[in-house]
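Trainee: Before I use this model, I would like to go through the labels attached to it. Please justify each one.

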Amino acid sequence: MKQINISVNALSQLSCARLYQFRSVMRLAISDEVFKWGTAIHEYREAIDKDKPEPILSITMRHGIKDPGAIYAASLSLDQQAFPPICRDVNNTPMSEWQFGFPYKTINDKYQINLRGIIDRIDIVQGAVRVLDYKSTRKADKSAALAEWGSQLQLPFYIFVLTKFLCHLLPDELAAKVSAGKIFGQHLGIFLSAKPPCVGLSSGVSVTPDTFDEIEWLLDDLILKTCAIHELGDRLAFPEGSAYGLCHKCNFLPICLIKNKDKQQ
């Protein structure tokens with residue numbers, strides 16, 4: 001049976017319904033600088049959450065960020081956020097950059113579909129479990145950035161998998177809150193258009209049983225198209241010419257099901 005791994009993180013970055021098509025990887029790639037900032041902020045917060053802080057300048061230099069002073073200003077803002085103690089899983093592992101993976105379903109006894117992902121941070125706020133997702137953007141309009149984040153599927157997917165598949169990995173208190181629906185998602189954004197960069201939290205993202213039904217529908221649709229890619233095999237070619245030029249600049253190549261179809265097996 002072939003193993004197919006689907007990244008839950010990728011579902012927010014690319015349209016679920018079009019993940020298998022060429023135009024999904026020809027989306028305008030996010031700027032290289034913003035990409036580096038996002039990576040640095042993830043590493044910086046993870047190190048703090050796991051009680052192994054690393055100087056922000058060391059991280060920015062490692063990633064080749066040209067303006068370490070600006071990210072240092074952003075890091076000060078991050079440190080001033082009122083972060084509650086981070087949650088820990090049943091293995092007492094801090095739930096920062098928390099990786100998960102599990103078998104989701106089999107298709108025609110031929111494909112084993114696995115869902116995998118990384119959750120930036122999980123903590124408890126006002127008696128509810130909060131799933132935190134870090135973002136960075138150069139959008140000049142803060143409201144436009146928040147609206148864009150709000151349209152993404154990543155946080156609803158995290159809530160979906162935590163509730164329906166991963167409760168057994170959570171301590172009893174945490175699992176009880178999740179099972180009771182006391183869980184929401186929130187974005188923490190670094191707005192690079194501001195000088196110095198400002199940091200802001202979005203409003204909460206919650207889900208309903210109807211949302212779970214929609215997520216399952218999207219997953220099933222994506223899975224069928226993913227299996228179709230494997231059935232096509234070598235007949236599915238990677239774009240060439242001008243289309244290749246667009247794909248070559250895309251920051252999502254590692255999760256592209258067309259370019260990496262062999263790695264998915």
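**Labels and their grounds**

Mentor: Start with helix α8: its face turned away from the buried side carries the exposed residues D172, E173 and S179. The model is predicted.

Trainee: What makes L174, A175, K177 and V178 the other group in α8?

Mentor: In α8, residues 172-179, these four are buried, and buried means under 20% relative accessible area. They cover an arc of only 160° around the axis, so they sit on the same side of α8. Their cover includes β3 (111-125), β4 (128-137), α7 (154-164) and β5 (183-191). Just after α8, G181 has a positive phi of about 85°.

Trainee: Why is L76 called partly exposed?

Mentor: L76 has 37% relative accessibility. Exposed requires over 50% and buried under 20%, so a value in between is called partly exposed. L76 belongs to helix α5, residues 68-80.

Trainee: What makes L57, Y72 and L76 a patch?

Mentor: These residues make a nonpolar surface patch of about 270 Å². A patch takes residues with over 30% relative accessible area, and the 37% of L76 is therefore enough on that count.

Trainee: Why is D109 called exposed?

Mentor: The relative accessible area of D109 is 66%, and the cut-off for exposed is over 50%, so the label holds. D109 is in the loop between β2 (96-107) and β3. It is not a glycine, yet its phi is positive, about 55°.

Trainee: Which label does Q126 get, buried or exposed?

Mentor: Q126 is exposed, because its relative accessible area is 82%. Q126 lies in the loop between β3 and β4, and its phi is positive, about 50°, although it is not a glycine.

Trainee: Why are such phi values, or a cis bond, listed at all?

Mentor: Most residues other than glycine have a negative phi, and most peptide bonds are trans. The bond joining K195 and P196 is cis, with omega about -5°. P196 is in the loop between β5 and β6 (198-201).

Trainee: How do you know which elements have the lowest and highest mean pLDDT?

Mentor: Among the elements of the protein, helix α2 (residues 22-25) has the lowest mean, 32, and α8 the highest, 96. Over residues 14-30 pLDDT stays under 50. Where pLDDT is low, the predicted coordinates should not be read in detail. The protein as a whole averages 79, with 78% of the residues scoring at least 70.

Technical notes: Residues are numbered from 1 along each chain as its sequence is written. This is a predicted model: local features need pLDDT of at least 70, side-chain atom pairs count only at pLDDT 80 or more; totals for chains, interfaces and linings use all residues. Side-chain values use heavy atoms; hydrogens and water are left out. Buried means under 20% relative accessible area, exposed over 50%, partly exposed in between (1.4 Å probe, protein chains only). Helices (H or I, at least four residues) and strands (E, at least two) are DSSP runs, numbered from the N terminus. The arc is that of the directions from the helix axis to the C-beta atoms. Contact means heavy atoms within 4.5 Å. Patches are made of residues with over 30% relative accessible area and no salt bridge: like charges are joined within 9 Å, nonpolar side chains (Val, Leu, Ile, Met, Phe, Trp, Tyr) within 5 Å. Accessible areas come from the Shrake-Rupley method with a 1.4 Å probe; for residues, only the protein chains shown count as cover. A salt bridge is a side-chain nitrogen of Lys or Arg within 4 Å of a carboxyl oxygen of Asp or Glu. pLDDT is the predictor's confidence in each residue, from 0 to 100.
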